[in-house]
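Work through the following exercises with the model open, and settle each step before moving to the next.

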Amino acid sequence: MTHMEQPTIAAEDGRATAPTAMPSDAPLVLRGVTVSYGEKPAVFSVDATFPARSMSAIIGPNGAGKSTLLKAALGVIPRLSGEIHIFGRPIEKTRERIAYVPQRASVDWDFPTTVMDVVQMGLYRKVGLLGRLSGSLRGRARACLDRVGMADFAHRQIGQLSGGQQQRVFLARALAQDADLYLLDEPFAGVDAATEVAIIDVLKLLKTQGRAVVAVHHDLSTVRDYFDHVFLINVRRIAEGSVEAAFTTANLQATYGGRLAATHLDELSVAG
Ligand SMILES: Nc1ncnc2c1ncn2[C@@H]1O[C@H](COP(=O)(O)OP(=O)(O)O)[C@@H](O)[C@H]1O
Ligand SMILES: [Mg+2]
């Protein structure tokens, strides 16, 4: 296969349509999104569509705007321009359908709070900030901890856990939210192999339950095993589509420029 042309899918009437043509009620759609912290945009005029019942990876070099894109998708940082739709509705009206797991390095782990507290934070939208957690919600928080193998650590201070354990707790909090769209920022960064397997199992289960998972992902060697869909970014959108169509040598080259060796690229993308 040559990687030069944009992959296309033949429509029923024979016209070629872009592979990104998807229903406008897709879990996450960005149109012309630009975000800037200073003079230079971190994310520039990005269009993207993340499909339902899929695991999607956001891929790009350090500083490419991946975390910024996720935060924009959450509606927690202001954008200069553009629109974001979650399941066909403006983000401002649909935020409660999203669960977010931040990049671990961006969290202050010294704050004095227990594992159980962190998971219960995921439930506050259901009870209101001043509401009391009912027994059934507390049971649900415990079940989510159990799902990620952290039930025995409920009363531990979060700062006393290993990186992998902290990441499991944040995943448990996201599960407790019972969301339809899961946004995760480098969920596998700095975790041990057992935690990586535990996390991917949970994410695959979410997918089989019909939810959409979108994760910033830095390990190119696992993209094919873990994901269905990729979005490649370097400030601007480089490419998007199914792993098969869009995770190509040419697109990786365009995304990383000279930062990946040619031999490395060949190993990663489509064989032959
Ligand atoms: N809070 C911030 N204030 C100023 N600049 C920022 C901030 N967050 C990120 N940036 C800058 O925006 C660009 C994109 O950052 P980021 O979205 O974190 O990239 P990535 O997650 O792809 O590594 C980088 O140049 C980064 O330095
Ligand atoms: Mg980042």
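**Exercise 1.** Determine the handedness of the crossing of helix 5 and helix 6 in this predicted model, and describe the contact that goes with the crossing.

*Solution.* The crossing of helix 5 with helix 6 is right-handed. Taking the geometry next, the axes of helix 5 (residues 135-147) and helix 6 (residues 163-176) come within 8 Å and cross at roughly 135°. Angles over 145 degrees count as roughly antiparallel and those from 65 to 115 as roughly perpendicular, and the two helices are therefore oblique to each other. As for the residues, Arg-140, Ala-141, Cys-144, Leu-145 and Arg-147 of helix 5 meet Ala-172, Leu-175 and Ala-176 of helix 6; by class, this contact comprises six nonpolar, no polar and two charged residues.

**Exercise 2.** Work out the strand order of the open sheet of six strands, and place helix 1 relative to its strands.

*Solution.* The order is 8-9-10-5-11-12, with mixed pairing. At the edges lie strand 8 (98-101) and strand 12 (236-242), each of which pairs on one side only, while the twist from one strand to the next averages 15°. Strand 8 runs parallel to strand 9 (residues 181-185) and is joined to it by four bridges, with Tyr-100 opposite Leu-183 in strand 9. Helix 1 lies across strands 5, 8, 9, 10 and 11, and runs at about 150° to strand 9.

**Exercise 3.** Identify which element gives the largest share of the shell around ligand 1.

*Solution.* The residues surrounding ligand 1 include Tyr-37, Asn-62, Lys-66, Ser-67 and Thr-68. Helix 1 (residues 66-74) supplies the largest share, three residues, and the shell divides into three nonpolar, six polar and one charged residues.

Conventions
Residues numbered from 1 in each chain as written. Chains lettered and ligands numbered in written order. Predicted model: local features only at pLDDT ≥ 70, side-chain atom pairs only at ≥ 80, totals over all residues. Axes fitted to C-alpha atoms, helices over the stretch in contact; angles between N-to-C directions. Parallel < 35°, antiparallel > 145°, perpendicular 65-115°, else oblique. Left-handed = near helix turned anticlockwise from the far one by under 90°. Contact = placed C-beta atoms within 7 Å. Nonpolar A, V, L, I, M, F, W, Y, C, P; charged D, E, K, R; others polar. Near = placed C-beta within 6 Å. Pairing = 2+ DSSP bridges.
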